[in-house]
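Work through the exercises below with the model open. Each task is followed by a stepwise solution.

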Amino acid sequence: MDSTPANRRLWNRISSAYQREHDPQIGAAPRLWGMYSTPDAHLHAVGDVTGRRVLELGCGAGQWSRALAAEGATVVGLDLSEAQLAAAGRAMGAARYPLVQGAAEQLPFAADSFDLVFCDFGGLSWAPPRLAVPQAARVLRRGGRLVFNVASPWFEACYDEPADRVTTTLQQDYFGLNTIAEGDGATSFQLTYGDWVRVLRGAGLIIDDLIEPRPDPTTPNGYNRTDPPDWAHHWPAELLWTTHKP
Ligand SMILES: C[S@@+](CC[C@H](N)C(=O)[O-])C[C@H]1O[C@@H](n2cnc3c(N)ncnc32)[C@H](O)[C@@H]1O
């Protein structure tokens, strides 16, 4: 089933509230990854982007894209939601970059167009990875990199929906994660570790690393309640994949 209409409606509806709540954290400094705003300077996932052609899949308000544009990359920010793109337009700094409305499932770009395709809880969380990963691989040039951060299966499997928090007890069937209902018909996506490997390799990508960011015990999760509060210091909350197209 095509998840794009419902996901677009969801993000258009929640964009203002989402940016009010999260932009102060995720836009506070350049290159912050994920729910714990882990600096890329600690993880070394993206590297030097000067002069590189970069595509962000699901750029939201462009907290990442505007930082990379300011560093001298030629950035395109793609997102499904016009409300999110409008927020990115308003927040754009001196380094201008194009914003494109589109879906990670069907990228409106020619093959071999980018040196780096990346996202942080963007198009590879909100589009079916079995469709979006081959699209990302298609638009990468040879030697180009796909780098992306998603929730870990641990995090999702330990999520207690009724209590609305992550726990230390397995709550969901690991093999049944696949699609996660986000309300009003919207859907996010999750794969098992094995399926991620198969989807990436199936798209012809080489897996260079799987970084599991480990926040300090005192670093708060900006999005979800966890029990204990330092849950992500003990178990991996996120998967940061780094890959390249040979
Ligand atoms: C959690 S935000 C990620 C953006 C930013 N990194 C952040 O943390 O706010 C998810 C973004 O994915 C976008 N999105 C949802 N479905 C998408 C799709 N199929 N293709 C591209 N972007 C999509 C949403 O509109 C939203 O802006």
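**Exercise 1.** Which residue of E13 stands opposite Ile206? Then place the two strands in their sheet.

*Solution.* Step 1: Ile206 faces His244 in E13. Strands here are DSSP E runs of at least two residues, helices are H or I runs of at least four, and both are numbered from the N terminus. This is a predicted model: local features need pLDDT of at least 70, side-chain atom pairs count only at pLDDT 80 or more, and totals for chains, interfaces and linings use all residues. Residues are numbered from 1 along each chain as its sequence is written, and side-chain values use heavy atoms, with hydrogens and water left out.

Step 2: E12 and E13 (residues 238–244) pair in the antiparallel sense over 5 bridges. Pairing requires at least two DSSP bridges between two strands.

Step 3: The open sheet has 7 strands, ordered E5-E4-E3-E6-E7-E13-E12, with mixed pairing. Its edges are E5 (99–101) and E12 (206–211), each paired on one side only. Neighbouring strands are turned by 20 degrees against each other on average, direction ignored.

**Exercise 2.** Which strands of the sheet does H8 touch? Then examine Asp195.

*Solution.* Step 1: H8 packs on the sheet and touches E7, E12 and E13 (contact: heavy atoms within 4.5 Å). Its direction makes about 20 degrees with that of E13. Axes are lines fitted to C-alpha atoms, for helices over the stretch in contact; angles run from 0 to 180 degrees between N-to-C directions.

Step 2: Asp195 lies in H8 (residues 193–202). Asp195 is partly exposed, at a relative accessible area of 21%. Buried means under 20%, exposed over 50%, partly exposed in between (1.4 Å probe, protein chains only).

**Exercise 3.** Why is H3 largely enclosed by the rest of the structure?

*Solution.* Step 1: Count the buried positions. H3 (residues 63–70) has 6 of its 8 residues buried, so the rest of the structure largely encloses this helix.

Step 2: Name them: Gln63, Trp64, Ser65, Ala67, Leu68 and Ala69.

Step 3: Find their partners. The buried residues of H3 pack against elements including H1 (4–26), E3 (53–57) and E6 (114–120).

**Exercise 4.** Where does H1 bend?

*Solution.* Step 1: Check the span. The end C-alpha atoms of this 23-residue helix are only 24 Å apart, short of the 33 Å of a straight helix. The expected span is 1.5 Å times one less than the number of residues.

Step 2: Locate the bend. H1 turns by about 55 degrees at Ser15 (angle between axes fitted to the seven residues ending there and the seven starting there).

Step 3: Ser15 is among the buried residues of H1.
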